[in-house]
Amino acid sequence: MDTPGGKRVEATDPGDRISGLPDELLHHVISFLSARDAVRTCILSPRWRHLWRFAPRLNVDAEGFASQIRFMEFVNALLLSRGSIALESFWLRANGPDIFLENFRDTAYLWIRHALRSNIEELGIVEHDQNDNEDESEFFQLVRFPFTSSYLEKLHLCYVEIDNHAIKKLFSVCPALEDLEMINCEIYATEFSSTTLKNLTINYVHFPNFYDYGIQECIVINMPSLVSLHIRTLRGWSELSLVDVQSLITASIHLENGTFTGACSILGALSNLKKVGLLLPDDVLLDSYDSKYLDLSCSAVAADSATPFSCEKLRKVEIVCPNGNKTVGVLVTILLTKLMPPPEISIKPFSGFSWYVSVLLQFIMGENPKVLFFICCGLPYRADNSRRRT
Amino acid sequence: MEVDKGKGEAEETRKVAEADRDTVTLKSSDGKLFEVSKEAAARLSTVLAGMIAGGSIDDNGTDLKQIGSEALENVVDYCNKHANSIPSAALISSSISFNTAPFKEPEEWERKFVDRLSHDALFDLVEAANFLGMERLLDVTCHKISEMMKGKSPDQIREVFNIKNDYTKEELEEIRQELAWAFYDD
């Protein structure tokens, strides 16, 4: 199709719909590509030559790079070539083989600062998958959170190490921050206080060996503007204290060492929930394939909550479980004796979840049938952990 | 002003109480009429929201001269599907499988919605979404287009989209030199 020296066609080919789109839509399309694919669109035709420079979002992705040096060379050149053109979001992902941000931490800090100076609203940092790492874990360290931004609204961290000092600094130097997501991070912090944060997600599901650190502390969340809170499998943390969560609408909480009493106090703190919420303390109940563990858990529940828990708003509890599950009777007894006033209970056959979830409880609050409180039973994390119990 | 409506749909009754009519009628460039939920239209399209707020909605069909009937049908279909999608189900499934996606990834039904479109219908819909200021639909359609480019060589992309490579050999050489850092491992 190459016509060297041929005359340029002014109007685009009628069959070429994409090149006929306005620039801003093409910038939008390019923004969904990885940074390297985005730059490479320049070669399609003269119409595309400079479009990549104006893409409002950059996904710097190490996938497909032969080496760390090539990757670093690429990102340095990319940021220099873009210059100071404004950006909305910047994602940095070390998902290439043998590419770890922690190996060139200072350079990665420079890239992130460069992006923050382009007034990004969203920043994502994804270190190399630590489950992939046979030797030592190499979490990307945010030492003292060495950045500042008045524009940053969303921060996503994955396989990043962050401590109390850095968390505190983050909330003070990023006054516009509304969303914080920490997936599989190593968080040496217990206090989360922010007046601006609206959405907080902490998820440890694939965390490899948190037990080794033996952290046993109460995690405190004090966030009056928080609208949604999702916490999943905080291993080692047995207690969660919700200080001021008056704006909360959605919550899902899954504590590794949660107790029925603990769950009830969280439920108390969540009593202002306006809409939908989920709560998942996993050892309240039970795993049907290991009946011994299950009985232990049930008696723990019964002993743990000597006094009935009062919950005026609770209307209905839905139990979703496989047919013939023996725990249901025990469960119904516990719920009817421990919850005041006793809620309506309905039992539904279970389908569609993977093997590890055996019983699911949905607590329905308020006037409209909204799920508020959701107990996911079984061991919703790695299979090798569950097998240890048997 | 309370109007008693005898319409069936139970979940619609709440909305009906809030306004005289719960739908708006849109007219395509070729004169076809489509009804769409007023709430969904106002929520999903900044342009329709402005028209509804400004009272420039015509009960006999608001003219949208820039949009053909096929694209408008898709727009209306998208709005109605969006209005009916159940957020609690989405919430439960998302709490069970976390992901670290950078964008609000298209949901399953949105993916299916754009996947069934022909090449031309997809581009008509992008243009309609852009015209109507439908941010989410624009995201979903542009995301679909980007997926058609992902993992493909420049030649393959040109073929998919019928892009004519009217660079001269000299120009191509110049670009490859200027941006050599982006073309290693080729």
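# A tour of chains A and B

Residues 24 or more positions apart account for 61% of the contacts in chain B that have a separation of 6 or more. Keep in mind throughout that this is a predicted model.

**Stop 1: chain B as a whole.** Select chain B and colour by secondary structure. You should find 10 helices and 3 strands. Walking from the N terminus, the elements come in the order α-β-β-α-α-β-α-α-α-α-α-α-α. Of the 186 residues here, 41% count as buried.

**Stop 2: the sheet of chain B.** Now pick out the strands of chain B. In what order do the 3 strands lie in the sheet? The order is β2-β1-β3, in an open sheet with mixed pairing. At the edges stand β2 (33-37) and β3 (62-63) of chain B, each with a single partner strand, so one side of each has no neighbour in the sheet.

Zoom in on strand β1 (residues 23-27) of chain B, which pairs with β3(B) in the parallel sense over 2 bridges. Show Leu26(B) and look across to β3(B): Thr62(B) is the residue opposite. Then add helix α4 (residues 69-84) of chain B, which lies across β1 and β2 of chain B and runs at about 20° to β2(B).

**Stop 3: a helix pair in chain B.** Select residues 119-132 of chain B, which are helix α7, and residues 135-149, which are helix α8. Two packed helices are described by the angle between their axes and the distance between the axes. For α7(B) and α8(B), the angle is about 145° and the axes are 9 Å apart. The crossing of α7(B) past α8(B) is left-handed.

Turn on side chains to see who meets whom. The α7(B) side brings His119(B), Leu122(B), Phe123(B), Leu125(B), Val126(B), Ala129(B) and Asn130(B). Facing them from α8(B) are Leu137(B), Leu138(B), Thr141(B), Cys142(B), Lys144(B), Ile145(B) and Met148(B). Sorted by class, the contact of these two helices has 10 nonpolar, 3 polar and 1 charged residues.

**Stop 4: across to chain A.** Stay on α8(B) and add helix α1 (residues 23-31) of chain A. These two helices pack at an angle of about 65°, with their axes 8 Å apart. This time, α1(A) passes α8(B) in a right-handed crossing. Which residues make the contact? From α1(A), they are Leu25(A), His28(A) and Val29(A). From α8(B), they are Leu138(B), Asp139(B), Cys142(B), Ile145(B), Ser146(B) and Met149(B). The residues of this contact divide into 6 nonpolar, 2 polar and 1 charged.

If you still have the previous stop's side chains on display, look for Cys142(B): this residue takes part in the contact with α7(B) and in the contact with α1(A).

**Stop 5: chain A as a whole.** Switch to chain A, with its 9 helices and 20 strands. Buried residues make up 55% of its 390 residues. Among its contacts between residues at least 6 apart in sequence, 66% join residues at least 24 apart.

**Stop 6: strand β2 of chain A.** Select residues 89-93 of chain A. Is this strand enclosed or left open by the rest of the structure? Strand β2(A) is largely enclosed, because 5 of its 5 residues are buried. In a regular strand the side chains alternate between the two faces of the sheet. Here Ser89(A), Trp91(A) and Arg93(A) are on one side, Phe90(A) and Leu92(A) are on the other, and all are buried.

Next, show the neighbours. Strand β1 (residues 57-61) of chain A runs parallel to β2(A) and is joined to it by 5 bridges. One pair to highlight is Asp61(A) and its bridge partner in β2(A), Arg93(A). Add helix α3 (residues 68-82) of chain A, and you have a right-handed β-α-β unit made of β1(A), α3(A) and β2(A).

Another 5 bridges join β2(A) to strand β3 (residues 122-126) of chain A, again in parallel. Look for Phe90(A), which stands opposite Leu123(A) in β3(A). To get from β2(A) to β3(A), the chain crosses through helix α4 (residues 105-117) of chain A, and this β-α-β crossover is right-handed.

**Stop 7: two loop residues.** Finish with Arg144(A), in the loop between β4 (140-141) and β5 (154-158) of chain A. Its phi is near 60°, a positive value in a residue other than glycine. At 55% relative accessibility, Arg144(A) counts as exposed.

Then jump to Asn162(B), in the loop between α9 (154-161) and α10 (169-178) of chain B. Asn162(B) is not a glycine either, yet has a positive phi of about 60°. Its relative accessibility is 35%, so Asn162(B) counts as partly exposed.

Definitions and conventions
Residues numbered from 1 in each chain as written. Chains lettered and ligands numbered in written order. Predicted model: local features only at pLDDT ≥ 70, side-chain atom pairs only at ≥ 80, totals over all residues. Heavy atoms only, no water. Buried < 20%, exposed > 50% of the residue type's maximum accessible area, 1.4 Å probe, protein only. Helix = DSSP H or I, 4+ residues; strand = E, 2+ residues; numbered from the N terminus. Pairing = 2+ DSSP bridges. Right-handed = clockwise from strand over helix to strand, strands pointing away. Axes fitted to C-alpha atoms, helices over the stretch in contact; angles between N-to-C directions. Left-handed = near helix turned anticlockwise from the far one by under 90°. Contact = heavy atoms within 4.5 Å. Nonpolar A, V, L, I, M, F, W, Y, C, P; charged D, E, K, R; others polar.
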